[in-house]
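Trainee: Could you walk me through some of the terms used for this protein? I would like to see how each label is earned.

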Amino acid sequence: MTNQNAFPLEITDLKFVPVKKENSDTRAFCTAIFNQALIVAGIRVRQGKKGIYVTFPVNTAPDGRRWPLVYPASGEARRNIAAHILANYAFNYRPETAGV
């Protein structure tokens with residue numbers, strides 16, 4: 001279903017809480033506000049073998065099964081949201097990687 005009148009999704013605010021645990025691959029938790037109307041909490045900025053990346057919140061059942069709570073509707077949306085979050089994180093919390 002495509003809506004020609006859909007309003008564009010814009011990140012209007014980001015808040016980061018850095019993680020200080022040395023053994024954790026999570027570098028920060030992020031809360032994103034979209035269009036000053038929708039808050040998505042539980043986004044993680046993580047460090048992997050190939051670099052830094054973003055994961056969206058998931059729920060975990062007692063038996064270990066996991067499913068997404070919030071996620072972008074397309075690969076393009078995922079890339080755009082992740083790029084915005086990572087650029088903001090790099091600028092504010094990782095000065096040695098700003099502009100990368």
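Mentor: Let's go through strands, contacts and the core in turn. This is a predicted model, where local features need pLDDT of at least 70, side-chain atom pairs count only at pLDDT 80 or more, and totals for chains, interfaces and linings use all residues. Residues are numbered from 1 along each chain as its sequence is written, and side-chain values use heavy atoms, leaving out hydrogens and water.

Trainee: Why are strand β2 and strand β3 said to pair?

Mentor: Strands (DSSP runs of E, at least two residues, numbered from the N terminus) pair if DSSP finds at least two bridges between them. Strand β2 (residues 26-34) and strand β3 (residues 38-48) have seven bridges, in the antiparallel sense, so they pair. β3 also pairs with strand β4 (residues 51-55), over five bridges.

Trainee: What makes the link between the side chains of Arg46 and Asp25 a polar contact?

Mentor: A polar contact is a pair of N or O atoms within 3.5 Å; within protein, one must be able to donate a hydrogen and the other to accept it, and residues adjacent in sequence count only if both atoms are side-chain atoms. Arg46 and Asp25 are joined at 3.0 Å, so the label fits. Arg46 lies in strand β3, and Thr26 stands opposite Arg46.

Trainee: What makes a set of residues a nonpolar core?

Mentor: Its members are buried (under 20% relative accessible area, 1.4 Å probe, protein chains only) Ala, Val, Leu, Ile, Met, Phe, Trp, Tyr or Cys residues, joined through side-chain atoms within 4.5 Å. The largest one here has 16 residues, and Leu14, Phe16, Ile43 and Ile85 touch the most other members.

Conventions: Helix = DSSP H or I, 4+ residues; strand = E, 2+ residues; numbered from the N terminus. Buried < 20%, exposed > 50% of the residue type's maximum accessible area, 1.4 Å probe, protein only.
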